[in-house]
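Please find below a short note on the structure, set out as numbered points. Each point may be read with the sequence and the model side by side.

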Amino acid sequence: MSSSPAASEVSPIADAAPLSLCARSPHVPANRLVAEMVPPPRFDSVRFATYIPDPNQPSQTEAVRVLEGFAGGLGGAHAVAGGRRGFLGFGRARAAKVPAGPRGVYLDGGYGVGKTHLLASLWHATPAEPALKAFGTFVELTNLVGALGFQQTVQTLSGHRLLCIDEFELDDPGDTVLVSTLLGRLVDAGVALAATSNTLPGKLGEGRFAAADFLREIQGLSAHFRALRIDGEDYRHRGLPEAPAPYSDEQVTKAAYATPGASLDDFPHLLDHLAKVHPSRYGALTDGVSAVCLTDVRPVPDQSTALRLVVLADRLYDREVPVLASGMPFDKLFSEEMLNGGYRKKYFRAISRLTALARDGKAFVAPE
């Protein structure tokens, strides 16, 4: 982090008390959900040229080559079938000329191999106006359907050249049917797709619900994509020091008061508050926050709470918000049962991202 001052560079006590995430209950209108479907701030400036492939992992170099070609093939007129072009569906309908075969690419690989970097680079490289390209996480896409309704979402996105879906994971049967139907309609309208996930498209839903009962929908999703495997280790840990150990309550509180725009919350209370805020609003929950300071970090008590924490960790990471914490280290957040269960990849991603943000947070703690 370079934009935020370290604690040693600001006054010992800030003019105002720290913010509190627990005191916020943001309202996010539907039009903001649509307008914010762009790469998050962390990925504003990424491009294919700034992706540094691991020389020991040729699949990373191959992914760049394939995606550059995919982006180049998305130029020209956009074909729309049964939908209308433009924001919220306004515009003249055109005859469908959808190419045969998969209309999308699916980046499969472990956490921290640069999949989101590549997905955002694809968004930036696609020759279309930003209003004709959409980028969001899987959760944000399903939240958009909830806010606009299914038909309005189809009309809104049908005029797009490209839809990028980060962190594509199916957590329940309802999502499976919803997303399968939605993407089928968008592909029919000529929208190209790109997605990232830790799970191959044919394996989505495994370990989470009776995926075999929804095999048709899952196979339908898989048919839309060409899978690209990206091998490698988590770049956030490649050659970097280990995450800092948790600080004391006093250190975290002092840093919160010394850092303008920082928030300060008791971790168990924050987990309780997240249950009262829809996950689609977690990004807005952190608006204007320069650092998140947490006291008494402890293992999460149940799976529902854990999944909400995963979404918050993703939004903090997207927005490059440093985290300072006391209590337990972040790699102790989730139980062994959770880390061995159907959502284990989500939990490992959250640990990886929180660890990276904890490194950023070191700059806010005054040396003793």
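1. Helix 2, in this predicted model, comprises 15 residues, from 58 to 72. Its first and last C-alpha atoms lie 22 Å apart, which is close to the 21 Å expected at 1.5 Å a residue.

2. Which residues of helix 2 are buried? They are Ser59, Gln60, Ala63, Val64, Val66, Leu67, Phe70 and Ala71. The elements that cover these buried residues include helix 3 (115-125) as well as four strands: strand 1 (104-109), strand 3 (162-166), strand 4 (192-197) and strand 5 (225-230).

3. The largest nonpolar core contains 63 residues, and the members that touch the most others are Leu118, Leu122 and Phe334. Helix 11 (residues 303-318) contributes the most to this core, namely 8 residues. A second core, separate from it, has 25 residues, among them Ala134, Leu141, Val145 and Ala195. As general background, nonpolar side chains in soluble globular proteins tend to be buried together.

4. Leu122 merits a separate look. With neighbours within four places in sequence left aside, Leu122 is in contact with Phe48, Leu67, Phe70, Ala71, Val105, Leu162 and Ala194. Among these partners, Leu67, Phe70 and Ala71 are also buried residues of helix 2.

5. A further part of the model is an open sheet of 3 strands, arranged in the order 6-7-8 with parallel pairing. Strand 6 (262-266) and strand 8 (323-327) are the edge strands, each pairing on one side only. On average, and with direction ignored, neighbouring strands of this sheet are turned by 15° against each other.

6. How many bridges join strand 7 to strand 8? There are 4, and strand 7 covers residues 291-297. Leu294 has Ala325, in strand 8, as its bridge partner. Helix 9 (residues 267-274) lies across strand 6 and strand 7, and runs at about 110° to strand 7.

7. For the chain as a whole, the model has 13 helices and 8 strands. The protein chain has 368 residues, of which 52% are buried. Its exposed area is about 16,100 Å², and carbon and sulfur atoms supply 53% of that area.

8. The last point concerns contacts along the chain. Of the contacts with a separation of 6 or more, 87% are between residues 24 or more positions apart. The contacts of Leu122 with residues such as Phe48 and Ala194 may be examined in the model as individual cases.

Definitions and conventions:
Residues numbered from 1 in each chain as written. Predicted model: local features only at pLDDT ≥ 70, side-chain atom pairs only at ≥ 80, totals over all residues. Heavy atoms only, no water. Helix = DSSP H or I, 4+ residues; strand = E, 2+ residues; numbered from the N terminus. Expected span 1.5 Å × (residues − 1). Buried < 20%, exposed > 50% of the residue type's maximum accessible area, 1.4 Å probe, protein only. Contact = heavy atoms within 4.5 Å. Core = buried A, V, L, I, M, F, W, Y, C linked by side-chain atoms within 4.5 Å. Areas by Shrake-Rupley, 256 points an atom, 1.4 Å probe, with all protein chains shown as cover. Pairing = 2+ DSSP bridges. Axes fitted to C-alpha atoms, helices over the stretch in contact; angles between N-to-C directions.
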